[in-house]
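I opened my notebook for a friendly look through this model. Here is what I looked up, entry by entry.

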Amino acid sequence: MSNLLKYMIENASMILNYANTHFSLIFSAVVISLLVWVPLGILISRNERLASIVIGIANTIFCIPSLALFSVFVTIPFLGLGRSSSLLALVLYAMMPMVINVYQGIKVVDKSVIEAAKGMGMSSRRILREIQIPLAAPVMFAGIRITVVMATGIAAIAAYIGERNLGRLITEGITRNHVEMILSGAILIALIAILFDTVLGAVERMLVPKGLKVRRSN
Amino acid sequence: MIELHNVTKIYAGQTVPAVNNLTLKIEEGETCVFVGPSGCGKSTILRMINRMIEQTSGTILINNKDIRETDPDRLRMGIGYVIQQIGLLPHRTIAENISIVPRLYGWDKERIRKRVDELLELVGLDPDETRSKFPAQLSGGQMQRVGVARAMAADPPIMLMDEPFGAVDPIVRGHLQDEFLKLQREMKKTICFVTHDINEAIKMGDKIAIFEKGQLVQHGTPQEILANPKNEFVRTFIGYDRVVKMLTLFQVRSITKGNYSIIRENELANIRQKMDDEGAAVGILMNESTRPCGLITRDDLEKAGDVSPEKIKEIACSKKDAFIDGDLLLNDALSLMLEWDSDYLGVVDGTQLIGVVSLGDIRECVRRKEGE
């Protein structure tokens, strides 16, 4: 234990540097995923044929082992080693949990609510904006949380293709049989995941519409 | 006024029409109840009127205008719509739920606020207590009330109601029906009302349209349908208690007669004489405060034979509850007659005696109505 602490203190600047890279990779991946997959999820909720195609693709991508996916990207000329390949892989992995959760979230909104809203003359755009998206928020958010935690883990593997992040502590530690190095990488990655999840959990509680949290008091 | 001309709906992938060549007219201010077993097409018809479903062929006119000429959203804004599941937006307060259509029309805040309170009161909810609650905080009955209030928000001349009181227990349903009937007497909206419950149809409808497998089988007033079921299907659908159901159409007041004598306690000894003189079939025993407290028929007197005034009083008092409010219905009267084993009931308005009703009168009424 004291060895571990000693190692971490002695290599603090390197570790912080790695943590910073790790963090920024996840952050960019999540931001890009949100921008791409949330709209796609909303889009496919309105078109069943497109939905089955997109969900099929997302599931397939999710089944590819991450090390394989990283390696394939490295061979593509304009991606190569490093950030672009890692980022693209993470964004693609995020497709499954994000698209499907957004889609499901919208789909599971009570049909009778939609029926009543439509019957009162609300346009389908308005129904989407004022009813489906707010009511889908909890499910969508669950997808985002899963994505972030998952991306934190997969990002570590990107160390194999040249990302200088916390994963490097693990890979290098393994080759050098350096226990403290492996442990500090693993612990910090886990901490980042927990941190993200906690923060997002708090945001989620703020986003869930109040009407869904109240119950009859009597 | 809503008119359907030769309207047919065949759902995609099906050969049997859900609604087959339907022609039906719903007059302004009339409540027309579509009734039939599930799958008979009644909801489909309702949903074609606000274009939630498009008909395969035929024309639907609202106030002589083809509904296909109006943008569907615009059309729906002008038609109140209540469904069995109510479909309140769970993330919006009751006030926000009720103000959906006014908001679509772009009413200003103050006008919406006033209208919400007015509607809540109209459907029997306390505005201060209810307006900022969420749907999950209301009971089933309260939610149904909000559903009705929401449909009436912009005062649409037409309302479509698809089993609006279907999801609550029978007691609450009865209350909601009574209250809605009372509202409708003032509002005089044109209403299409779907139900599978023939009793609800008889109670709520000015007209009833009975459907079977997409076909209109019979259309008429509840009385016409109960008196003359067109075929075996309608007869079976109404049930064996057809005639008793018909009794629910008439108030006791409507066949109340005056062939009774008021008997004071000191007149008990001369009761036969007094009833003969007045040509009365029943004697109503009154106490000092002109409250009826007992009832005795000629038959009772015959059966009792020559007995003391005390004995007569005892017989009369044993039927002290054989009285009925004039506002109640003939089926209620019949039930009370059976309960008290009495051919006659006293009819009251509050505590005031207004006459008597007899089993013979009920039979006479049924015979007359059946002949019409």
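**Entry 1: a phenylalanine to begin with**

Is B:F165 buried or exposed? I looked it up, keeping in mind that this is a predicted model. B:F165 has a relative accessible area of 2%, so with the cut-off for buried at under 20% I noted B:F165 as buried.

I then turned to the aromatic pairs, of which the structure holds six over all chains. One of the pairs I checked joins B:F165 and B:F180: the ring centres are 6.2 Å apart and the planes stand at 65°, so I wrote this pair down as edge-to-face. B:F165 sits in the loop between strand 7 (158–162) and helix 8 (170–187) of chain B, and B:F180 sits in helix 8 itself, so the pair ties together parts that are 15 residues apart in sequence. B:F180 is buried too, at 5% relative accessibility. I also found B:F193 here, since ring pairs link B:F165, B:F180 and B:F193 into a cluster.

**Entry 2: a second ring pair**

How are the rings of B:F233 and B:F237 arranged? Their centres are 6.0 Å apart and their planes are at 20°, so I logged the pair as stacked. Both residues belong to helix 11 (residues 232–238) of chain B; they are four residues apart there, which means a separation of about one helical turn.

**Entry 3: chain B as a whole**

Next I stepped back to chain B. I counted 17 helices and 16 strands in chain B. Along its principal axes, the C-alpha trace of chain B spans about 80 × 50 × 30 Å. Of the 372 residues in chain B, 51% are buried. I also looked at contacts in chain B with a separation of 6 or more: residues 24 or more positions apart account for 60% of them.

**Entry 4: where chain B meets chain A**

How many residues does each chain bring to the contact? I found 27 residues from chain B and 22 residues from chain A. The area buried between the two chains is about 2200 Å², and carbon and sulfur atoms give 64% of that area. On the chain B side, B:H91, B:L104 and B:F134 lose the most area to chain A, together 22% of what that side buries.

For the polar side of things, I noted three salt bridges between chain B and chain A, as well as four residue pairs in polar contact across the interface. Helix 2 (72–77), strand 6 (79–83) and helix 4 (100–105) of chain B each supply at least two residues of the side that touches chain A. Helix 4 of chain B gives the largest share, four residues. Sorted by class, that side of chain B has 15 nonpolar, six polar and six charged residues.

**Entry 5: a glutamate at the interface**

I closed with A:E115, which lies in helix 6 (residues 111–119) of chain A. Which residues of chain B does A:E115 touch? Leaving out residues up to four places away in sequence, I listed B:R47, B:M52, B:Y81 and B:I83. With B:R47, the side chain of A:E115 forms a salt bridge, 2.3 Å from N to O. With B:Y81, the side chain of A:E115 makes a polar contact of 2.4 Å. I checked the accessibility of A:E115 as well: at 19%, with buried meaning under 20%, A:E115 counts as buried.

Definitions and conventions:
Residues numbered from 1 in each chain as written. Chains lettered and ligands numbered in written order. Predicted model: local features only at pLDDT ≥ 70, side-chain atom pairs only at ≥ 80, totals over all residues. Heavy atoms only, no water. Contact = heavy atoms within 4.5 Å. Buried area = accessible area lost by both parts, 1.4 Å probe. Salt bridge = Lys/Arg side-chain N within 4 Å of Asp/Glu carboxyl O. Polar contact = N/O pair within 3.5 Å; in protein donor to acceptor, adjacent residues only side chain to side chain. Nonpolar A, V, L, I, M, F, W, Y, C, P; charged D, E, K, R; others polar. Phe/Tyr/Trp six-rings, centres within 6.5 Å; stacked < 30°, edge-to-face > 60°. Buried < 20%, exposed > 50% of the residue type's maximum accessible area, 1.4 Å probe, protein only.
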